[in-house]
Amino acid sequence: MARRDNAAAPAGTARVAAQQLAEELVRQGGPVNQRAARGLRELGALDKAIYSAVAATPTPSLDEPLRRLSNAANNSGLWLATAAGLSVVGGSAGRRAAVSGVVAIGVTSALVNLAVKSVWSRQRPDRARAGVPVRRNVKMPVSTSFPSGHAASGFAFAAAIGHDQPWLGLALRFLSATVAYSRVHTGVHYPGDVVVGSLIGEGIGQAVAGLMDRLPPTRSPARSDRGKKREVPDFDADDAPEAG
């Protein structure tokens, strides 16, 4: 009995973002706010229903690959490794894109972890109660659930890279979406967490890439000197030394 009470207590104190907004709209009153509050509650119910459906669907061939992919993206390791590879094989354009992507990750992580998560204190899902298979489990983060930092960082990186390299950006967005889904599949996030995280990351990535475009391209001194036309001093025949 005590165990059940302890498990149920946090659910009442750590409210989801949609529920918090709905309650605030109800307090403000008015027919428009009432309709908006109902819509938010329905979105919250749909969010939990999709999470439960994913948890209850047997996917033995996907569980291990998605678990590994989710772990690979911890601390943005997957994206930092991609940036390192792009810097090596992509030339100057690749290095510039990699820097833009890493900066986008840094800005996004700071905004999500230091600002948004502190405002919306959504509790992590109870994956044991939802029936998430143990073989899917990754380490449950200690931070709050909303929004997903993995999804935000992945889409920020992909958007920044894709600003100058669209095809690579498209491939990275697909990979980011798979990482985002893996966080739901492994039971550590609700679908709404990863959707909002992805939107935040996409916006920040685009903004960072736009700001990077305004920076002057870096040029090495040696290349700059080679590009300049060498000046030849004027020579006047009257200035030539006399022979003998």
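Here is a short chat about a predicted model of one protein chain.

Reader: What is the mean pLDDT of the chain?
Author: Since the model is predicted, confidence is a good place to start. Of the chain's residues, 76% reach a pLDDT of 70 or more. The mean pLDDT of the chain is 83.

Reader: Which helix has the highest mean pLDDT among the elements of the chain?
Author: Let's start from the other end of the ranking: helix α1 (residues 2–13) has the lowest mean, 36. The top value is 98, and that belongs to residues 60–72. Those residues make up helix α4.

Reader: Over which residues does pLDDT stay under 50, with 9 contacts beyond four places in sequence?
Author: Where pLDDT is low, the predicted coordinates should not be read in detail. One such stretch is residues 220–227, but there the model has 1 contact beyond four places in sequence. The stretch with 9 such contacts is residues 1–15.

Reader: Are the rings of Y51 and Y190 stacked or tilted?
Author: A pair of aromatic rings is described by the distance of the centres and the angle of the planes. The count here comes to 2 aromatic pairs. For Y51 and Y190, the centres are 5.1 Å apart and the planes sit at 55 degrees. Stacked needs under 30 degrees and edge-to-face needs over 60, so with 55 degrees this pair is tilted.

Reader: How many residues apart are Y51 and Y190?
Author: Y51 sits in helix α3 (residues 31–56), while Y190 is in the loop between α9 (166–185) and α10 (191–213). Both Y51 and Y190 are buried. The pair links distant parts of the chain, and the separation is 139 residues.

Reader: Which helices do W79 and F157 tie together?
Author: The rings of W79 and F157 have centres 5.9 Å apart and planes at 35 degrees, so they make a tilted pair. W79 is buried, and so is F157. They lie 78 residues apart in sequence, and the helices they join are α5 (residues 77–89) and α8 (residues 149–164).

Reader: Is L46 buried or partly exposed?
Author: L46 is found in helix α3. Together with L43 and I50, L46 forms a nonpolar patch on the surface, with about 280 Å² of accessible area. Buried would need under 20% relative accessible area and exposed over 50%. L46 has 48%, so L46 is partly exposed.

Reader: Why are E64 and R68 separated by about one helical turn?
Author: Side chains of opposite charge can pair when their charged atoms come close. E64 and R68 meet in a salt bridge, at 2.8 Å from N to O. E64 is partly exposed at 30% relative accessible area, and R68 is exposed at 55%. They are about one helical turn apart because both lie in helix α4 with a spacing of 4 residues.

Reader: Which residue is linked with R122 and D193 in a network of salt bridges?
Author: The side chains of D193 and R122 meet at 2.8 Å, N to O. D193 lies in helix α10 and R122 in the loop between α6 (91–119) and α7 (127–130), so the pair ties together parts 71 residues apart in sequence. D193 is buried, and so is R122. The other member of their network is D47.

Reader: How far apart are the closest N and O atoms of R173 and E202?
Author: R173 is partly exposed, and E202 also counts as partly exposed. R173 forms a salt bridge with E202, and the distance between those atoms is 2.9 Å.

Terms used. Residues numbered from 1 in each chain as written. Predicted model: local features only at pLDDT ≥ 70, side-chain atom pairs only at ≥ 80, totals over all residues. Heavy atoms only, no water. Phe/Tyr/Trp six-rings, centres within 6.5 Å; stacked < 30°, edge-to-face > 60°. Helix = DSSP H or I, 4+ residues; strand = E, 2+ residues; numbered from the N terminus. Buried < 20%, exposed > 50% of the residue type's maximum accessible area, 1.4 Å probe, protein only. Patch = residues over 30% accessible without salt bridge, like charges linked within 9 Å, V, L, I, M, F, W, Y side chains within 5 Å. Areas by Shrake-Rupley, 256 points an atom, 1.4 Å probe, with all protein chains shown as cover. Salt bridge = Lys/Arg side-chain N within 4 Å of Asp/Glu carboxyl O. pLDDT = per-residue confidence, 0-100. Contact = heavy atoms within 4.5 Å.
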